Amino acid sequence: MAMNAGSPAEGPDGPAPRLACGRDAALVWDRAAAGTPPDAHERDCPHCNAAFADARGLDAVVHRMASQDLEPPPSMMDRVMAAVRTELRPHDLLTLSSPHGPVRLSRPAAAAVLRHVVDRMDGLRARSCRIEQPTGADGRAPHAADVAITVTARFGVDLASVTARVRQMVIAAGEQALGVPVRRVDIDVVDLFGEGTT
Amino acid sequence: MSVVAATRGWAEPPPPPDAPAARPEQRQAELDEQTLVVRAQEGDARSFEVLARRHQAALYRVAVRVLGDPGEAEDALQEALLDAWRRIGAFRAESAFSTWMYRVVTNRCMGMLRNRRPVPVDRMDDAAAVADSPERTAELDAGMVALGQAVAGLRDELRVCWVLRELEGLGYTDIAHITGASEDAVRGRIHRARVQLAEVMRPWR
């Protein structure tokens, strides 16, 4: 293929070279591979002609390679998740008080429970769920938690009433499912989605 | 974060447990990508698993084409997904999540290639030798084999860019994000790869 390839100015990692006729070699190739018909210059120019022929000649076999079905074995993801679970953040814990001493609860697990409560509500999905147990003035973590939750809502739902319901449900789930009194719930509706989508 | 509506408040006493009629459980697999990413960033392994399963086939294809070996590709992908879990907190949504995942996987592949022992023979010569004899075997399969060998003969940086562009259909901008090279360098690499492959594959046309 006739081009100025290898001229010192290009270097091994420079931009795409120009064909001997001056056209950007990469652009000509992109046009040819996209099936664009050659323009007046390209029809008559031997350099562009050669580039078109190379591009289209290679394209067929490249397409076949691109459409080959390659899937990792199913066991691969099982191994990844087994490793992920051994790396769950072991120190990210909430403290529950109990008559027999404090109980620790994984913060991500607690957040998953609260998100699940929101996901079950019509037209709402929980996105972020952060649970904090602010430290009291005496340095001890108090029992009650503050929850900041972001949700996406289906377009058209009554945001005031659903967010009030989210607050009620999060408080109830905190108390009943987790055993964590919820002191405060901040809710941000961060996105809307249409019918039939999430 | 753009907030459509916000409500803040101190908790009232919990309401009586008259839970609203719950829809069938919304499965995580149906959630939008941004929601899954945020959940995974907050330590939710199940959301991470959904994300990883969504992208694993594309990432595996790239690893196989870049490394040229399914077994090594599986190792690379496995390690890369674990990297992604450890580092997902650093994902900033400046690019698509898929672009970020491609970056994690190609970095892992490039690391494996750097640690390989140098190949003693010139792989380009191998590829050319196979391509010399198009009549010997069924032409379609042999053409694919020849292309595979020609791709293996590309310089690593060229091969990564070419695979992302020609096999995965990504744009130059995304490939620049993934490889950390400038867009001009990416265009140049892809072009050099195409020319090299076209030369090796000319007997097959």
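Among contacts in chain A between residues at least 6 apart in sequence, what percentage join residues at least 24 apart? The figure is 50%. The coordinates to be toured are those of a predicted model.

**Chain A as a whole**

Begin by selecting chain A and colouring it by secondary structure. Six helices and five strands should appear. Followed from the N terminus, these elements run α-α-α-α-β-β-α-β-β-α-β. Chain A has 198 residues, and buried residues account for 33% of them.

**The hairpin of S1(A) and S2(A)**

Next, select residues 93–96 of chain A, which form strand S1, together with residues 103–106 of chain A, which form strand S2. The two strands pair in the antiparallel sense, over four bridges. To locate one of the pairings, display Leu93(A) and look across to S2(A), where Ser106(A) is its bridge partner. Then extend the selection to the turn: S1(A) and S2(A) form a hairpin, with six residues between them. Within that turn, pick Gly101(A), whose phi is positive at about 105°.

**H4(A) against H2(B)**

Now bring chain B into view. Select helix H4 of chain A, residues 74–86, and helix H2 of chain B, residues 45–67. These helices pack with their axes 11 Å apart and at an angle of about 155°. Because angles over 145 degrees count as roughly antiparallel, H4(A) is described as roughly antiparallel to H2(B). The crossing of H4(A) past H2(B) is right-handed.

Show side chains for the residues that make this contact:

- From H4(A), select Met77(A), Val80(A), Met81(A), Val84(A) and Arg85(A).
- From H2(B), select Ala45(B), Phe48(B), Glu49(B), Ala52(B), Arg53(B) and Gln56(B).

Coloured by residue class, the residues of the contact of H4(A) with H2(B) divide into seven nonpolar, one polar and three charged.

**The whole interface**

Finally, widen the selection to every contact between the two chains. Here 65 residues of chain A are in contact with 64 residues of chain B. On the side of chain A that touches chain B, the elements giving two or more residues include helix H1 (25–33), helix H3 (46–66) and H4. Continue along chain A to helix H5 (107–119), strand S3 (124–132) and helix H6 (159–178), which are also among these elements. Strand S5 (182–193) of chain A belongs to the list as well, and S5(A) provides the largest share of this side, 11 residues.

To end the tour, colour this side of chain A by residue class: the residues that touch chain B divide into 35 nonpolar, seven polar and 23 charged.

Terms used:
Residues are numbered from 1 along each chain as its sequence is written. Chains are lettered from A and ligands numbered from 1 in the order in which they are written. This is a predicted model: local features need pLDDT of at least 70, side-chain atom pairs count only at pLDDT 80 or more; totals for chains, interfaces and linings use all residues. Two strands pair if DSSP finds at least two bridges between them. Axes are lines fitted to C-alpha atoms, for helices over the stretch in contact, and angles run from 0 to 180 degrees between N-to-C directions. Angles under 35 degrees count as roughly parallel, over 145 as roughly antiparallel, 65 to 115 as roughly perpendicular and the rest as oblique. A crossing is left-handed if the near helix is turned anticlockwise from the far one by less than a right angle, and right-handed if clockwise. Two residues are in contact if their C-beta atoms, placed from the backbone, lie within 7 Å. Ala, Val, Leu, Ile, Met, Phe, Trp, Tyr, Cys and Pro count as nonpolar, Asp, Glu, Lys and Arg as charged, and the others, Gly among them, as polar. A residue is buried if 20 or more other C-beta atoms lie within 10 Å of its own, exposed if 12 or fewer, and partly exposed in between; C-beta atoms are placed from the backbone.
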